[in-house]
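Visitor: Could you walk me through this structure, please?
Guide: Gladly; here it comes.

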Amino acid sequence: MPDHPAGDSASRAAHLRAEIERHNHAYYVLDAPTIPDAEYDRLFRELLDIEAAHPELRTPDSPTLRVGGAPLPEFRQVTHAVPMLSLNNAFSAEEAEAFDRRCREGLGKEHIDYACEPKYDGLAITLRYERGVFVQGATRGDGFTGEDVTQNLRTVRNIPLRLGGKDVPTLLEVRGEVLILRRDFERLNERQRERGEKEFANPRNAAAGSLRQLDPKVTARRPLRFFAYGVADPGAVLPAPTLHSGMMERLAGWGFPVAREREVVLGAKGLLDYYERIGAARRALPYDIDGVVYKVDRLADQDTLGHVSRAPRFAIAHKFPAEEALTTVEAIDVQVGRTGAITPVARLAPVFVGGVTVTNATLHNEDEVRRKDVRVGDTVIVRRAGDVIPEVVAVVPEKRPILAPEFVMPKACPVCGSAIERPEDEAIARCSGGLFCPAQRKQALLHFASRRAMDIEGLGEKLVDQLIDNAIVKTPADLYKLGILALANLERMAEKSASNLLAAIEKSRQTTLARFIYALGIRNVGEATAKDLARHFGALDALMAAGPDSLQQVPEVGPVVAASIARFFSERHNVEVIEQLRAAGVHWPEGEPAPRATAALAGKTFVLTGTLPTLTRDAARELIEARGGKVAGSVSKKTDYVVAGTEAGSKLSKAQELGVTILDEAQLIDLLEQA
């Protein structure tokens, strides 16, 4: 970055802060991104560079604070200027109607307008702004005293650090909820699984745990979101609002995310109609809710009704039916997933929870069974949230029978009898009979036929479902036995489509060793590793005979990958399927193991962009990798060469900006011939 004078840097930093926050608001609040991620990253890096060169320019509202600061020794206590009261609950239509009646009687009115909104299942917080700048955030705590989590809240991307819009108050305290969207929660747990780390039980627990991290950098890596539902003191806002719904519009105008599903309704019938509408739409919402909230809309009427004990009289939470219940564990079995994952499942005494009768609940994995210490005969708390698979939340220890046995993970797959394996650094145990195991057939077949594997065009998910469900195909080898009649009788499979598929299957009989290895679906063996294995061993039999030590001589193959490969080929069923595929005519060129990569290309990184005159992208990649080079998808300072064809785009520009060597196809071929 050019070295700007301090004055220019201050102006540029202010501009960047405004631009970045505008893009943050568009992405995290409006769900309508305005620029590509790469451009956002460029702006963010520029601001980081300016603030690093001129620390005095870093402001409390800088978006660079969203990456997290230094770890805290502990959270200090914050006394709420206005208590954060909890709401009384209604669990039936009659209780909601009684709430309306009390409000009408307390106000002497025949009809009342109510502001309604979903009740978030997250963590309640308060945000304090002075002259439009976020200065402090705290948890609810006991309602009167909470924990100062300001640094962590700065990392939540949709919390405005500086308010925009009109009539921003000198002092504003906003109340709301921190949560994790369902889609983000699934991705978070997926990352936890990939790392072999403990999964989070539900979005609320994940959000609460993330916000109370002493290291803000950990919080910054968690996908937290905020939704505002009110202010601590509406009277401090000028011009003074008259309605709660109007106050919510003001919050949205200042940049706060608010529920799109909020409505103003009339009377008890309006309340119950809203409850039914949100209940019906609940599964489609992006976040978890456990009910709806009704508030008298007119703020003056709220003041008149006041509070009782530690709850307001003017508001109530109408809860949805309970999604947790008590039952007993009658047995613990294991299920085999499409990828071979072995999941312990509790067989339960039937219990009505979340609107349905539940008889099974997931226990996730062996470690979770141990952590929760679930045993046959235990009384357990079962949770069901929407369409999510029911799970055992916890055991009630005092109700455990004497001599209840501990769970023991079986050694063999209950479906195919293959060995169950669990690598030391993973939480998930898996069946090792990938190509043979009936529970994994659909996934194995789809992967086998995929474009970068055997490339069988036309063999999609719906057709695979029919082939497996009708017992036409049991292993990938059975594909090469298919005839036109068997296919033509399937749903949506006309004679022409069947002929095209058979032609694609026939074409796939001739392939490459690398593609075949990748098509086998060996755990931890991706496309690049399959190519490395093919180059290193030259022949499939040599690979199948290799032990873990020999396998680790292959570039990028460590102990975990080597163990996966050795386990796969030690399973008799997998070897039988490979023999059947060879017998069906699936073949590839084999030869001597490839020589070690020459110094010319060993460790060199290439990026391909645009259309080359004669080489396809895949052909160029194979030529580069055959000589020890690597092909990456994006340009960075670590890139050695960018190979550019016609219509090369941003990758070429980035290479020129970074001074990376740029080659055309002819220069690439010259380089490869020299290697």
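Some questions and answers on a sheet and its helices, then on the nonpolar cores, follow.

Guide: This is a predicted model, where local features need pLDDT of at least 70 and side-chain atom pairs count only at pLDDT 80 or more, while totals for chains, interfaces and linings use all residues. Residues are numbered from 1 along each chain as its sequence is written, and side-chain values use heavy atoms, without hydrogens and water.

Visitor: What is the order of the strands in the open sheet of four strands?
Guide: Strands (DSSP runs of E, at least two residues; helices are H or I, at least four; both numbered from the N terminus) pair if DSSP finds at least two bridges between them. Pairing in this open sheet is antiparallel, and its order is E5-E4-E7-E8.

Visitor: Which are the edge strands?
Guide: An edge strand here pairs on one side only. That description fits strand E5 (133-139) and strand E8 (224-231).

Visitor: Over how many bridges do E4 and E5 pair?
Guide: Glutamate 130 has valine 133 in E5 as its bridge partner. Strand E4 (residues 123-130) and E5 pair in the antiparallel sense, and the number of bridges is six.

Visitor: Which helix supplies the largest share of the largest nonpolar core?
Guide: Such a core is a set of buried (under 20% relative accessible area, 1.4 Å probe, protein chains only) Ala, Val, Leu, Ile, Met, Phe, Trp, Tyr and Cys residues joined through side-chain atoms within 4.5 Å. This one has 56 residues, of which Ile456, Leu479, Tyr480 and Leu533 touch the most other members. The largest share, six residues, comes from H16.

Conventions
Buried < 20%, exposed > 50% of the residue type's maximum accessible area, 1.4 Å probe, protein only.
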